[in-house]
Amino acid sequence: MNKKYVFYILGQIATAQAGLLILSVIVALIYKETAVFAFLASAAISLTIGVLLTLINRSHSKDIYAKEGFVIVALAWLVMSAIGALPFVISGDIPSYFDAFFETVSGFTTTGASILKDVESLSKSALFWRSFTHWIGGMGVLVFIVALIPNMADKSIHILRAEMPGPIVGKLVPRARDTAKILYLIYIVMTMLEMVFLLLGGMSFYDSLLHSFATAGTGGFGIKNSSVGGYSPYLQWVITIFMILFGINFNLYYLLLIKKFKAMIKSTELWCYISIVFVSVVIISLNTYPLYNTMSDTIRNASFQVSSIISTTGFSTVNFDAWPVLSKSILLILMFLGGCAGSTAGGLKISRVMLLFKIIYRELKKLLHPRNVQSISLEYKIVEETTLSAVTSYFSLYIVCIAVIFILLSLEPFDMETNFSATIACFNNVGPGFSAVGPAANFADYSNLSKVVLSFAMLLGRLEIYPMLLAIIPTVWKRKR
């Protein structure tokens with residue numbers, strides 16, 4: 001383990017975070033809020049930690065392999081969450097550090113689960129930082145750092161692989177740093193595009209900026225107690241469309257950028273994703289029609305919630321916890337599925353689910369024809385057996401993690417629906433669940449221990465389990481002889 005390089009990168013991250021906190025200082029100054037001191041103090045603490053870690057570990061080897069990549073990713077998210085919670089506590093917006101840590105982890109992991117009962121009571125600068133964490137975490141904290149830091153070794157592809165969601169991650173271009181830049185360029189352009197459409201619909205600059213942050217990161221932190229329910233149908237449709245767009249693999253946008261339209265359109269994962277959205281909207285619209293006045297309202301609400309849940313954004317326009325069981329069951333399934341690999345969405349990922357079904361189908365065929373050797377393809381390419389093995393292993397670990405988290409939450413005095421949906425909503429980075437943690441409620445009533453468990457669940461889900469687990473295994477930290 002190249003410990004010095006690991007802590008050097010953590011120092012760079014803490015230093016970069018100090019700069020990010022200054023943006024909230026500017027917002028606080030614009031709105032003349034006393035929270036400016038909280039953000040300045042937090043930025044100073046972050047900068048101090050960053051400088052110390054960088055100076056202490058400045059003489060380091062730049063050799064980095066998969067092991068270091070996983071550990072850097074896990075510790076980076078923990079460090080950023082721990083520091084990112086400070087402004088809420090210092091300003092008094094969220095007095096409890098446990099609550100502030102939960103809220104910050106929820107922000108960076110783009111989960112959107114909240115402990116706040118009155119969102120509108122927060123200062124403008126606190127709401128900005130809360131939504132900005134979504135935007136930073138959406139594409140990935142380390143993707144952002146790799147794009148910024150000029151002297152990172154090109155083996156930083158190990159960092160990108162450890163942080164980017166989905167079963168298969170590679171470079172778009174030869175250099176990992178250039179890949180990170182391309183991803184963030186697409187991300188920024190799409191965020192700005194959504195903001196323009198929201199402004200055209202009459203939303204204020206501040207509101208459109210924060211909603212664009214939350215949609216881009218598929219995070220879903222609302223700045224109103226009614227989430228997006230109080231905005232016009234036009235604005236709801238704009239957010240609906242962009243939630244779907246941010247749930248699509250960003251590699252496809254790169255293909256669009258280099259004018260490889262046929263390759264993009266032929267994507268089987270893309271069509272599977274769109275088909276699931278369409279079918280879900282149709283079924284839920286028919287099932288919930290009696291609850292609304294017109295078919296247009298019904299389709300809009302169904303489209304919004306399906307897009308919000310499958311992209312794991314977590315915005316809401318209505319209390320879907322009051323929907324019929326069929327509609328709620330479909331939403332629960334969508335919580336598991338999530339968006340496409342290589343998107344900002346959480347969940348299992350569509351490509352991974354496709355591979356799981358193909359593996360099952362192959363095993364069924366083997367029962368009938370034991371000597372038959374059949375390969376599995378995805379996106380018109382043969383998938384290696386190592387990748388298929390990794391998918392099945394991940395799914396097994398995925399189920400085990402859900403079971404453990406659910407059992408730990410069962411110590412709380414809530415019903416099974418609440419605890420199970422809380423587990424799924426946090427682990428899959430969705431946000432709201434059902435019953436006591438539904439869109440009209442929050443996670444405030446959970447104990448501090450459960451909030452820590454759910455925070456860890458959000459990190460496990462966002463980083464797809466392995467980085468967090470490897471970081472706490474003692475043998476990983478041992479020096480190789």
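Start by selecting His211, Thr215 and Ala216 in helix α10, then add Ile239, Phe242, Met243 and Phe246 in helix α11: these two groups meet, a contact being heavy atoms within 4.5 Å. The residues of this contact divide into 5 nonpolar, 2 polar and no charged; Ala, Val, Leu, Ile, Met, Phe, Trp, Tyr, Cys and Pro count as nonpolar, Asp, Glu, Lys and Arg as charged, and the others, Gly among them, as polar.

You are looking at a predicted model, where local features need pLDDT of at least 70, side-chain atom pairs count only at pLDDT 80 or more, and totals for chains, interfaces and linings use all residues. Residues are numbered from 1 along each chain as its sequence is written, and side-chain values use heavy atoms, with hydrogens and water left out.

Next, select residues 295-310, which form helix α15. Helices here are DSSP runs of H or I with at least four residues, and strands are runs of E with at least two, numbered from the N terminus. Is α15 enclosed or open? Color its buried residues, meaning those under 20% relative accessible area with a 1.4 Å probe, protein chains only. Because 12 of its 16 residues are buried, α15 is largely enclosed by the rest of the structure. Among them are Phe304, Val306 and Ile309.

Now show α11, α14 (268-288) and α16 (325-337): the buried residues of α15 pack against them. Just after α15, click Thr312, whose phi is positive, near 55 degrees.

Finally, zoom out to the whole protein, with its 21 helices and 2 strands. Of its 481 residues, 58% are buried.

Note on methods
Buried means under 20% relative accessible area, exposed over 50%, partly exposed in between (1.4 Å probe, protein chains only). The expected span of a helix is 1.5 Å times one less than its number of residues.
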